[in-house]
Amino acid sequence: MTGRARARGRPPRQTLPPAAVGDAPPQQLQHPQQLQQQLQQLHGPPAQSEEPGGHGHLRACEAPLQERRPEGLQVSSGLQDLSLRDRGGRRRDFHDLGVNTRQAMVHVQESKTGFSGKMIKLTTNHFRLTSRPQWALYQYHVGYSPEMEARRLRSALLFQHEETIGKTHAFDGSILFLPKKLENKVTELFSRTRNGEDVKITVTLTNELPPTSPTCLQFYNIIFRRLLKMLNLQQIGRNYYNPSDPVIIPNHRLMVWLGFTSSILQYEENIMLCTDVSHKVLRGETVLDTMHSLHSQVGEERFRDACAKELIGLIVLTKYNNRTYRIDDIDWDNNPKSTFRKSDGSEMSFVEYYKKQYNIEISDWMQPVLISQMKRKRGNIQGSVALIPELCSLTGLTDKMRSDFNMMKDLAIHTRLPPEQRQRELGRLLNYIQKDDNVQKELRNWGLSFDNKSVSFTGRIVQGEKIFQSGAMFDYNPQFADWTKETRGVPLIRSMPMDSWLLIYTRRNYDVANTLLQSLFKVTPSMGIHMNRPSMIEVDDRTEAYLRVLQQRVTTDINIVFCILSSSRKDKYDAIKKYLCTDCPIPSQCVLARTLSKPQTIMTVATKIALQMNCKMGGELWSVEIPLKQVMIVGIDCYHDTVSGKQSIAGFVASLNQSVTRWFSRCVVQSRGQELVDGIKTCLQTALRNWSKWNKSLPSRIFVYRDGVGDGQLNTLVNYEVPQFLDCLKSIGTDYSPRLTVIVVKKRVGARFFAEIGGGLRNPPPGTVVDTVVTRPEWYDFFVVSQTVKNGCVAPTHYNVIYDTSQLKPDHVQRLTYKLCHMYYNWSGIIRVPAPCQYAHKLAFLVGQSIHREPNLMLSDRLYYL
Amino acid sequence: MDKNFKEEFTQIIKFEPPLYKQRHQFVRDLVEKYKPKKVADLGCADCSLLWMLKFCSCIEVLAGLDICANVMKEKMHTLSPLPVDYLQPSERSLTVTLHHGSVAHKDPCMLGFDLVTCIELIEHLEESELKKFPEVVFGFMAPSIVVISTPNSEFNCLLPRVMLYRHPDHKFEWSQAEFQSWALETARCYDYSVEFTGVGHPPTGMEKVGFCTQIGVFFRKYPQTGESVQSEKPMEAVYKTVFKAVYPSLKDEKYLQNAVISEVIFTAQIIKHRLMSKREEYSDDPERKSKFQPSMDCFSDYLGKLVVEKNMEPFVSGNEVYIPLRTIFSFPKVNRLCGTFEKLCKLIAGKVTLSSDGSAVMFNIEHENEEN
């Protein structure tokens, strides 16, 4: 599971106790390690490390890395070890540079900004990069005659002419970058090698790069990361962290390093550095330590399962090199004494290898080995790497830790920085940069500098929405972005009767079941829900007992099955959900007994459960005004299952009615390597069929909110997925050409906005829209802050309209997006993403975590997965 | 020599493992054998030998020197501590420093080393530099052991494509006799003994050409010079420090304290966890509950007795769990870190919540059960 999926799958941490197992209100918690988990870059090799490989069948060992190391680009003085390709030379286009989608949309050529709402003064975490006037980077080709092989020799020969080419340069052996232009287009230089050979060097200008060229942007990013390195920060994954001043949380054996994310990009008008505080959670124990404590906790029998559950998917650091690896598997058949095949074909044991290579003695020879798949080809080698648990340190949090309330609370104190403090930390970083002589010298030589004050601009707060519920209309307090109180006791738009339902509980929870029932009887009448007494069924606290009852008692006329679970053991929950979502498609509600055990909250909990059950049976709660007619709104999100069979699941949700209160939901289960989009196409077809069944026509407008797009995947989306959507629409009929809008939704963005209120910095209120200054000129994009947070900084959501034939004004697209953030029925408040995305996420998460195959289509017209 | 015969060899000769690795391995074996604490590598180039040596646990000070700063800087970051070094600070301390300068110059930063290695260095020295070299290394630095390796020119006839020298920057390549006479003379002059060996065995039938790389290991015959003698030497620094990394170590109070606090709290948590789950078993059984009605007080009474008896048992009182420091100290990991009980108390003072008399770690469990 990705960190992101995890973040969303976490149980709620609100003042309200959780209503159901695994049900998360979408109000987002701040992620302790923002951009870390999902995109772990495999780093460039440190000097001599040679990876021990798996065993013959896994792969041949990598060739010694030394030989394959991409030739680095030598940069003058302080940045000597800079390589233009950055570490390891495997740079991914994380920022989706060069995907220019705006140019195809004529109606936003002039302007992509909205106009409604009232102005708000904002600052952000972007800092302008300034360069000398007429700054350019000059690219030269360097040729040698006679030809010189060794890069070191080539550099040495070239740099004999430092008085000509200058002290500041970047050279990779054939391409030379200079901050200044040489006098002539072609410069001939003569050098003599130390054994007396005369060499002619021809330096030819090949390119004059403007500050905004992609190569330059890449160049700035590398320079900046080097600056962080010069400030003695440690690179872990993509970011740099300060190891010297860790926050130690000994209760949980955790350590938190404060660090920074950084990216330099061309924004609307300027090139800016976007930097954010990032926290890296590290653990003071090795994987072997964790295995030992697991063993003592669960015993021999469940040990291997427990290890797999706890460890697979985690990122580890090794004792001997500066790379991070993801644990993909645990190989119990091997141990450190097992041998692997080295690049030269010889066999060697891990014990021997680590002794020889790093002088490390492996003390436990019985431990299994960890397997990490290489994400991408390295040279021509692809496969997996074997790691020794004893030599691996864990990073990040496990699911178990995330569900540990106390741990998360302890962590939050350190990781959720309120706006003022966050800005202060960033200010400190910029201050370090200004103060460090070496850093300043390097920047000066390249003619670059950073503003030490972040950019300020005005955003807009669009007006709040009215909530409609059965003829009544409500305003909500924008400060809380929540209407729980306002709508309490008001009839729902569509309430589903509970004429026949089951309440299943264990003997211990008999009292709890009765309390719940009484509370439900109290809260449901005002909602308009007609409820009969359920069949109360007592079961043993075993998975099989629950299943047997379900098999015997669930019939097609049952409205809903309610299970009170005594522990958060996932297997029981999974078994119940699997049975009731596939074999016997009946809505179900699972709740932990603990949730119901507190008298002071039981009414609130019962209210929430009643609403949730109503949705699961096909009810509707509230609506907002949707001015567009004949519109179908689609939400897509992905979940990547790590534990069972490496599946990917795409949740697909499409609106069915004008008021956008009913949804059609399907999902695509795809095994590794397959393209999700083919399945999505089928989903879209069925969704259109269903829409036309409900509305007696086809929609004339379709909005697709596409979540779950990783950094660097935008290109694929634009060139592959969107054409497939269009294909699909074409296949419906020749005369059918609805207007299509595809919007990529991204929650994990580096941008943060702070409202300047009363001389201080606050979180901007919900409804804040930003579509200038920090957006990208080549995109039709905007940010919306739709949710509120209690602690820390609110994270804006980024929307990138990659395809749009709607002809709607940007303002309308922004407003529609914000409206949809009000429509998630599991949370009577505004959430971070449009409701269809959150529904799609919930569906994909349930299937990925518990069901592992496509649920029964009988359920597809209701929100059974809430 | 028969030309064909020679040709044959030039085709075949390829060292496995590669010669540079054999040289490094040679140094490492030496380090393993003599366990020097301070090691300097002269002509450290891309720092690959230093990188290898940083994993040798006996070494506490590593220094590199090279005439070319660029070549050192290219890979010097590999000598920086890794994140894991911060996560699990090592028992030993380690400082790695890189200097930019010439082996023909004396700098006080090179004093006090146990082992100085000059791997494939001397053949790069100009005549004037080579002349000053013995005085700098043997006279001034005067480490207990010096290792010097250099190509054996007699072997060159077996190497393909070697015209004059093996590397264009070599100023000379010596035969075995030339190297040995220089080494013996140097050793005699500075009161060292020298042993000759090498790496890269010649092919069978060609033994007389000797090793491909010839090595001289010099041992100082007189005991360590005192500080007073060193202070008379010129103390002016001429090298430029280009890199310095101090590894986190438990020798540093800051890291030790963090490690101890973590371990103490973690150990205490484990004990508490065991204690609580025992209690839960006890109170979870509904039948027992109704029969005995075990209250908190009764339970702690029971434990209280144990405390009197052993003064080591953890106990619960009201909403607080007490875990005696003595118990925690008896855990091997804590014990090893602190050494003495007094040290333990000193290190955690003010950092860990203790009972009023300071004898036990205290946890409040009031809110814990609600959420778990």
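Visitor: Which elements of chain B do the buried residues of α6(B) pack against?

Guide: This is a predicted model. In chain B, the buried residues of α6(B) pack against five elements named by strand, β1 (38-42), β4 (115-119), β5 (145-151), β6 (192-199) and β7 (213-220), and against the helix α7 (176-190).

Visitor: Which residues of α6(B) are buried?

Guide: L130(B), F133(B), P134(B), V136(B), V137(B), F138(B), F140(B) and M141(B) are buried. Buried here means under 20% relative accessible area.

Visitor: How do you know that the span of helix α6 of chain B agrees with its 15 residues?

Guide: The helix covers residues 127-141 of chain B. At 1.5 Å a residue, its 15 residues should span 21 Å. The expected value uses one less than the number of residues. The end C-alpha atoms of α6 are 20 Å apart, so the two values agree.

Visitor: Where does α6(B) bend, and by about how many degrees?

Guide: At F133(B), by about 30°. A proline, P134(B), follows within four residues. Both F133(B) and P134(B) are among the buried residues of the helix.

Visitor: What follows α6(B), and what is the sign of its phi?

Guide: A142(B) follows the helix, and its phi is positive, near 45°. Most residues other than glycine have a negative phi.

Visitor: Why does T150(B) count as buried?

Guide: T150(B) sits in strand β5 of chain B. Its relative accessibility is 0%. The limit for buried is under 20%, so T150(B) counts as buried.

Visitor: What makes a polar contact with the side chain of T150(B)?

Guide: The side chain of E123(B) does, at 2.8 Å. The cut-off for such a pair of N or O atoms is within 3.5 Å, and 2.8 Å meets that limit.

Visitor: Which residues does T150(B) touch, not counting those up to four places away in sequence?

Guide: E120(B), I122(B), E123(B), F179(B), T213(B) and Q214(B). E123(B) is thus both a touching residue and the polar partner.

Visitor: How many disulfides does a search of the whole structure find?

Guide: Zero, over all chains. A disulfide is a covalent bond between the sulfur atoms of two cysteines. The test asks for two cysteine sulfur atoms within 2.5 Å.

Visitor: Why is there no bond from C307(A) to the closest cysteine sulfur?

Guide: That closest sulfur is in C392(A), 13 Å away. Set against 2.5 Å, the 13 Å is too far for a bond. C307(A) has 0% relative accessibility, so it counts as buried.

Visitor: Why is the closest cysteine sulfur to C189(B) not bonded to it?

Guide: The closest sulfur is in C118(B), at 16 Å, which is too far for a bond.

Visitor: Why does C189(B) count as partly exposed?

Guide: Its relative accessibility is 47%. Partly exposed lies between under 20% for buried and over 50% for exposed. Therefore C189(B) is partly exposed.

Visitor: What makes the peptide bond from S145(A) to P146(A) cis?

Guide: Its omega is near -5°. P146(A) lies in the loop between β4 (137-145) and α3 (151-158) of chain A. Chain B has a cis bond from E16(B) to P17(B), with omega near -5°. P17(B) is in the loop between α1 (3-12) and α2 (19-34) of chain B. Most peptide bonds are trans.

Visitor: Why does N359(A) count as buried?

Guide: At 11% relative accessibility, N359(A) falls under the 20% limit, so it counts as buried. Its phi is positive, near 60°, in a residue other than glycine. The residue is in the loop between α8 (350-358) and β18 (369-373) of chain A.

Visitor: Why does S470(A) count as partly exposed?

Guide: Its relative accessibility is 40%, so S470(A) falls in the partly exposed class. Its phi is near 45°, again positive and not in a glycine. S470(A) lies in the loop between β23 (467-469) and β24 (472-474) of chain A.

Visitor: How many Å separate the centres of domain 1 of chain B and domain 2 of chain B?

Guide: 49 Å, taken over C-alpha atoms. Domain 1 of chain B is 19-247, and domain 2 is 253-281 + 309-364. In chain A, the C-alpha centres of domain 1 and domain 2 lie 76 Å apart.

Definitions and conventions. Residues numbered from 1 in each chain as written. Chains lettered and ligands numbered in written order. Predicted model: local features only at pLDDT ≥ 70, side-chain atom pairs only at ≥ 80, totals over all residues. Heavy atoms only, no water. Domains from an automatic or database assignment. Helix = DSSP H or I, 4+ residues; strand = E, 2+ residues; numbered from the N terminus. Bend = angle between axes of the 7 residues up to and from the residue. Buried < 20%, exposed > 50% of the residue type's maximum accessible area, 1.4 Å probe, protein only. Contact = heavy atoms within 4.5 Å. Polar contact = N/O pair within 3.5 Å; in protein donor to acceptor, adjacent residues only side chain to side chain.
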